[in-house]
Amino acid sequence: MATARGSRYLLTIGRWRRSFGIAPQFRALAALVPGVSHVDNTSDFLGKRPHRRHPGILQLSCVRLPQALADAAQLLLLEGARPNMEKQVQALTNYLWSRHLPVEPEELQRRAVLLEKKILENADSCQTEKHHEEVLRALRRTTYHWQELSYNEGLSLVYMAARLDGGFAAVSRAFHEIQARLPEFQPQTLMDFGSGTGSVTWAAHSTWGQSLREYMCVDSSAAMLELAEKLLKGGSGSGMPCVPGVFFRQFLPVSPKVQFDVVVAAFSLSELPSKASCTDVVQTLWRKTGRFLVLVENGTKAGHSLLMDARDVVLNGKEKSPLDPRPGFVFAPCPHELPCPQLTASKPLACSLSQAYHPIPFSWNKKPKEEKFSLVILARGSPEEAKRWPRITQPVLKRPRHVHCHLCCPDGRMQHAVVTARRHGRDLYRCARVSSWGDLLPVITPSELPPSPAQDAPES
């Protein structure tokens, strides 16, 4: 039975059947977002801009690699041509996408105890001596075997062909969100942990090239660092770098006084062998963060879960940076610091975004692609500094005279909102209709509205 509060937002099925003809499977979901019913009209948030450019629009058009980077990548692949390159690229792509998180020792011990108990219950006296071997064999069959990839010169080249363009697209989308919401933010320093082929440097230069003066690329693989440097120099080891101020090193800066305006870890936390090592790295990266910590992983359940753990490490951490004691908050994509509703749902889903991009133009790689990725941007300061509008978490369904939006709301809940001009006003309806997956919907709760004169007047 719906609560008294919830009943105010439920739409009469008969009215929707007569007016809009919504399919039966959508009727139960045809509810408004609780407590959210207004466009952010406390200020002239649209100005003279059309609805299709409302301030919650964060989508990027199809991303294309900088021409200098695409040319350098093609040159390096021609020089280091490998047999069956297309098959190797596809195999590595599939492996990275299907990769699970490493099994923790505690979980492995728990599984071993359960298997041993089960085997002993069914074992004869003559089989008791061999039950340890049976447990080990069963563990090998049922446990995911996580392996650390060793990026030598050959594998680094395959990785570049497989992930340079998609990684550039995902990070470009992350940087675009910061730039679109805080155009006054002009970073001067950036650190990229697990820099790989250097796509983060190129994306940052495309976004903030006028202000960035130092890029610190950290990667444990010497072959990757050499490849990234060649890409910066047009595919050779002797040319002038296309992006000035880039430095390479294999280890994180030790000094606690070294901070960067933007710190990035893109597709690198999943390369760490355990949860403990991931926690240590995230804590270190946060201490070195001056303003924004950008974490990106594959848009899978494993990638999303990894980012939510990293998010909790920062939000629940008690340690303070000696240079900046301000606490952290979630800048994107969550409009709250509460537990992720997609993980706590009965059927957990990965919270992900999608970005279209033009791949490196190989003979097998010509059509535009979509990069599906999970993202967390953590910032120093107060949550009040960021607009807490609901985030659209799935493709928007546009129907005659109504729009379906799946939203992650500031109260920490997921909602399926059906927005109409009649119930919500023309502005909100048109803003919803032009919004896309990953955008923010500019709505506020009634409690955020300015008080009316009648409410301010003293009682007589």
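The exercises below walk through a predicted model of one protein, each with a worked solution.

Residues are numbered from 1 along each chain as its sequence is written, and side-chain values use heavy atoms, with hydrogens and water left out. Because the model is predicted, local features need pLDDT of at least 70 and side-chain atom pairs count only at pLDDT 80 or more, while totals for chains, interfaces and linings use all residues.

**Exercise 1. The whole protein**

Task: State how many helices and strands the protein has, and what share of its residues counts as buried.

Solution: Begin with the secondary structure, which comes to 15 helices and 15 strands; these are DSSP runs numbered from the N terminus, where helices (H or I) have at least four residues and strands (E) at least two. Turn next to burial, where 47% of the 460 residues count as buried, a word that stands for under 20% relative accessible area, with exposed meaning over 50% and partly exposed what lies in between (1.4 Å probe, protein chains only).

**Exercise 2. The setting of Pro-66**

Task: Decide whether Pro-66 is buried or exposed, and find which residues it is in contact with beyond its neighbours within four places in sequence.

Solution: First locate Pro-66, which is in the loop between β2 and α4 (67-79). Its relative accessibility is 18%, and therefore Pro-66 counts as buried. Then list its partners outside that stretch of neighbours, which are Phe-168, Trp-202 and Ser-206, contact meaning heavy atoms within 4.5 Å. Finally, consider Trp-202 once more: it stands 136 residues from Pro-66 along the chain, yet their C-alpha atoms are separated by 7.8 Å.

**Exercise 3. Two helix residues**

Task: Say which of the terms buried and partly exposed applies to Ser-172 and which to Glu-133.

Solution: Ser-172 has its place in helix α8 (residues 153-181), and it counts as buried because its relative accessibility is 9%. With neighbours within four places set aside, Ser-172 is in contact with Leu-60, Val-63 and Ala-203. Glu-133, by contrast, belongs to helix α7 (residues 131-142), and its relative accessible area is 48%, so Glu-133 is partly exposed. To place Glu-133 further, note that Glu-116 is 17 residues from it in sequence, and that the two are 9.9 Å apart in space, C-alpha to C-alpha.

**Exercise 4. Contacts along the chain**

Task: Find what share of the contacts with a separation of 6 or more joins residues 24 or more positions apart.

Solution: Take the contacts in the protein with a separation of 6 or more, and then pick out those between residues 24 or more positions apart, which account for 77%.

Definitions and conventions:
Contact means heavy atoms within 4.5 Å.
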